[in-house]
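Colleague: Could you take a close look at one part of this model and walk me through its surroundings in a single connected answer?

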Amino acid sequence: MKEAGEEAQYFRLDGSASTLVFASIDQAVPELLYWGPRLEAATPLSAIRLLRERPLSFASLEQEAPLSLCPEESRGFSGSAALQFHRDGRGFTQRLELRRVEQGAEHLKFHLADPRAGIELTLHLDYSGAEDVLNACTSIKNVGEQLLTLDQIACPTLPLEPHCVEALLLQGRWAGEFQSERVTLHAAAALVIEQHLGRSGPEHFPGCILGEKNFGEVSGHLLGLHLACSGNYRIRVERLSDGRAYVQASEFFHPGEMQLPPGAIYTTPQLIATQAHGLELMSQRFHAYLRRHILPSWTRHPRPVLANSWEAVYFDHRPERLSALVKAAGAVGAERFVLDDGWFG
């Protein structure tokens, strides 16, 4: 679809209750223009872009820097560039161009490249229509002749609606996990959630919920997201000085930790996200997605009735006592017996 003086390509993914619309302008990295209630099939996608246009303010650029799925400094983006790399301290900028698109009923793959920088980038977007849940990740290939050091590479960056002004975070400690904390988002500072312990744990949950002020179980529009990473990670939520906001998630690299020799490929962890009205609907969508796509197939069938030894005997694992417990459990219909917390005796 052609606009005045430019070439625009539009793409959409539909779920049972929602639609995502993407646009690539002049072969640049695509932007997520719309994620909301499902659109009619005949909706002109170019109209979505027109509705998203913002007036120019004084002392600003005539063309607004795009907040794309992979924001780039080379296109004037003032936030955190999604891709940061170098080759022995040089060659640290890129300007990606869209080369090829693969699209199916529930997936999009945007293949981008910058031959001068020696990189190829693929944005993977899978949308589970039944649950209205997005699963996104980014792959990079070093097609240059020198070693490529990755400082950061984020999953596809998601823009936030203007009403997203509050974040719900989960943190804690052993026996005190998932303590909730609400934080107001400000333009003066970015909200950064990081884990540097090398493994997942109760300190910080690798995700957050972003939404309207005081969103609740059945009220308020929100975006829930989870980075499927069991190692070091970083989640950044930032509101730019021009009012636009975004969320970006990535694995966290120590200096020089991630190096790609020529021909090597790195793929980010998966970012799993959904939009909903209220926490209850968000939870329902995540739970349905987890059961259908993440958990093994045997969990979708009735499981054996289980008897656990812990509260019955604690650390007293004398064979005669356990034998009596097994027989008693079987007598009331237990089909599986678990010896709990006896492995270190």
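Modeller: Thr 138 is buried in this predicted model, because its relative accessible area is 2%, which falls under the 20% limit for that class. The residue belongs to strand β9, which runs over residues 133-142, and its side chain has a polar atom lying 3.0 Å from the backbone oxygen of Ala 154. Ala 154 also appears among the residues that Thr 138 touches once those up to four places away in sequence are set aside, and there it stands beside Ile 153, Cys 155 and Pro 156. The same list of contacts includes Leu 121, Thr 122, Leu 123 and His 124, and it includes Tyr 266, Thr 267 and Thr 268 as well.

Turning from this site to a helix, α2 covers residues 279-294, and its 16 residues reach 21 Å from the first C-alpha to the last, close to the 22 Å expected at 1.5 Å a residue. Its buried residues are Leu 279, Met 282, Arg 285, Phe 286 and Tyr 289; seen down the axis of α2, they fall within an arc of 125 degrees, so they line one face of the helix.

As for open space, the largest pocket holds about 1300 Å³ and is lined by 42 residues, with Glu 31, Glu 64, Ala 65, Pro 66 and Arg 244 lying nearest its centre. At least two residues of that lining come from each of β3 (18-25), β4 (31-37), α1 (45-52) and β11 (158-160).

Notes: Residues numbered from 1 in each chain as written. Predicted model: local features only at pLDDT ≥ 70, side-chain atom pairs only at ≥ 80, totals over all residues. Heavy atoms only, no water. Helix = DSSP H or I, 4+ residues; strand = E, 2+ residues; numbered from the N terminus. Expected span 1.5 Å × (residues − 1). Buried < 20%, exposed > 50% of the residue type's maximum accessible area, 1.4 Å probe, protein only. Arc of directions from axis to C-beta. Polar contact = N/O pair within 3.5 Å; in protein donor to acceptor, adjacent residues only side chain to side chain. Contact = heavy atoms within 4.5 Å. 1 Å grid on protein atoms, 1.4 Å probe; cavity = no way out; pocket = protein on both sides within 12 Å on 5 of 7 lines; lining within 4 Å. Points joined across faces, edges and corners; volume = space filled by probe spheres on them.
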